[in-house]
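User: I am new to this structure and would like to learn how to read it feature by feature. Could you take me through it with the general idea first and the particular case after?

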Amino acid sequence: MRKLITGGRIITAVDDYVADVLIEDETVVAIASRFDVEVDEVIDASGQYVLPGGVDPHVHFRMPFAGTETVDDFTSGTAAAVRGGTTTVIDFPLQSRGTGLIETLDRWHGLLGQDQPMIDVGFHMIVSDLSNGKLDEVPRLVDEGVTSFKLFMAYKDSLMADDSTIFEAFCASADHGLLTMMHAENGGVIDVLVRRALAAGRTSPKYHEATRPAKAEAEAVHSAIAIAEMAGAPVYIVHLSAEESLRHVAQARANGIAAYAETCPQYLFLDNSVYDLPDFEAAKYVFTPPARAKHHQDALWRGLAFDDLAVVSTDHCPFCFADQKRMGIDDFSKIPNGGPGVEARLQLVHDGGVRAGRITLNRMVDVLSTTPAKLFGLFPKKGTVAVGSDADLVIFDPNKRETLSVESQVSKVDYSNYEGREVVGSPTWVISRGATVGRNGKVVGAPGHGRFIKRAQHLQPLTGKVVDTVIRVQP
Ligand code: URP
Ligand code: ZN
Ligand code: ZN
């Protein structure tokens, strides 16, 4: 099966030129100014951009949390991703204490197998417990294509890992070429703040923000980087939301430490005024970390522009307002943490980032596709438009307007955090390994087209500094 995309403006992290793209089956096989070949389908992309499909390295489908589960499964969640111009997602098997890493992975393969993903799916491993020989399972995990860990410094008494486990995970990452992702917030401090707020009768969702201060994030970011440095391992901070946290990342990078961080649209586009909404509406914004005061947004955009922030992921973690968020109607700490977002990322970042002059078009591609593909062992199959790469492509009309709304949303969740927001620029075609899966806002792909993707190891940059600072004793 041959397809030709003609006349589009190809934008990668570094290129910007008009050319035709020839696809054979699942792969881009040639790029040229003009082709004279027989094809099965011609897609006219003139006047539009041809972008590499988005890589969203932070989504939670079927995630168990606070006694419930995120409402998107791998079918609906990947369909929502298609709507947003994303062609690869990385989700998180969650190790419960006492369970092995491979046992956890097998369980999540079972869940994925029950669903019918529309696009390719990878896994990071959430680690809570490395006792009793579980570290011996790490090489097998790498063989299975799971080349990153995630640990939580928050959510005391549930997901939170202690410092020994965190350090062990970083050491194993360094030894086996994994990248460790950190949810960086000081869980102990937050736990006390939450208990005090509740004891004082402060039970409404606005206290979610008040009990998770930016300082608690910044302190944990600093600590995570220091622990990673002691292990000689790279670190990736997830959902960074605050200017003071970013300063720690920037400082570490300036010192030659392999510290990376992502932010998410909710921190670039929403601010803490959402917590003043009446009638429990604020529960829609109970995600972690919370939306911050507006001035943080400028710092985050600067971080993206100058590479101290490497990625915009979504942390898509959807819970329905009608029933799931209401679990915390009398106690904000019982509101399941998380919000939807997988389908708005490209449009928001294009409109509020590129059109607003905050980042360039090339940088947009970099933070939404190329860098996550590189950091998480998917490049160059994913993350660029090049000969030999998977034909994961988005044709994007930069002038097509759309109003974001739950009405046109694909996710099963019952609200949008961007309801009524007009954006300029929309995907018109979404192509996953050569197959059209999205067309003008509709998901048209075949359920089950998506596959589990094994990822390569994370390659550490040759800064030298990380190696110099290794102080641990090799096992
Ligand atoms: O609120 C959030 N982010 N929920 C998902 C779990 C996490 O912290 O990533
Ligand atoms: Zn998190
Ligand atoms: Zn998350």
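User: What is the geometry of the site of the zinc ion (ligand 2), and which angles do its donor atoms make?

Analyst: Please keep in mind throughout that this is a predicted model. As a general yardstick, the ideal angle for four tetrahedral donors at a metal is 109.5 degrees. Here the zinc ion (ligand 2) has 4 donor atoms with angles of 57 to 147° among them, and its site is irregular; four donors would count as tetrahedral only if all angles lay between 85 and 135 degrees.

User: Which histidines coordinate the zinc ion (ligand 2), and at what distance?

Analyst: His 183, through ND1, and His 239, through NE2, coordinate this ion at 2.1 Å. The pair links distant parts of the chain, 56 residues apart, since His 183 belongs to strand β13 (residues 179–183) while His 239 sits in the loop between β14 (235–237) and α8 (243–254). Both His 183 and His 239 are buried, and a further zinc ion, ligand 3, is 3.9 Å from ligand 2.

User: Which residues come nearest to ligand 1, and how much of the ligand does the protein cover?

Analyst: There are 13 residues around ligand 1, and those that come nearest are Tyr 155, His 183, Thr 288, Asp 315 and Asn 337. A nitrogen atom of the ligand is 2.5 Å from an N or O atom in the side chain of Asp 315, and an oxygen atom of the ligand is 2.7 Å from a polar backbone atom of Thr 288. The protein covers 99% of the 260 Å² of accessible area that ligand 1 has on its own.

User: How are the strands of the open sheet ordered, and which stand at the edges?

Analyst: In general, strands of a sheet pair through backbone hydrogen bonds, either parallel or antiparallel. This open sheet has 6 strands in the order β11-β12-β13-β14-β15-β16, with parallel pairing. Because β11 (125–126) and β16 (311–312) each have a single partner strand, they stand at the edges, and one side of each is left without a neighbour in the sheet. Strand β15 (residues 259–263) pairs with β16 over 2 bridges, and Thr 263 has Val 312 as its bridge partner in β16.

User: Is helix α1 mostly covered or mostly exposed, and what lies at its start?

Analyst: Helix α1 (residues 74–83) is mostly covered, with 9 of its 10 residues buried, including Phe 74, Val 82 and Arg 83. At the start of α1, a side-chain oxygen of Asp 73 reaches to within 2.9 Å of the backbone nitrogen of Thr 75, and the helix is followed by Gly 85, whose phi is positive, near 75°.

How values were computed. Residues numbered from 1 in each chain as written. Chains lettered and ligands numbered in written order. Predicted model: local features only at pLDDT ≥ 70, side-chain atom pairs only at ≥ 80, totals over all residues. Heavy atoms only, no water. Donors = N, O, S within 2.8 Å, 3.2 Å for Na, K, Ca; no water. Tetrahedral: all angles 85-135°; square planar, octahedral: opposite > 155°, others 65-115°. Helix = DSSP H or I, 4+ residues; strand = E, 2+ residues; numbered from the N terminus. Buried < 20%, exposed > 50% of the residue type's maximum accessible area, 1.4 Å probe, protein only. Polar contact = N/O pair within 3.5 Å; in protein donor to acceptor, adjacent residues only side chain to side chain. Near = heavy atom within 4 Å. Areas by Shrake-Rupley, 256 points an atom, 1.4 Å probe, with all protein chains shown as cover. Pairing = 2+ DSSP bridges.
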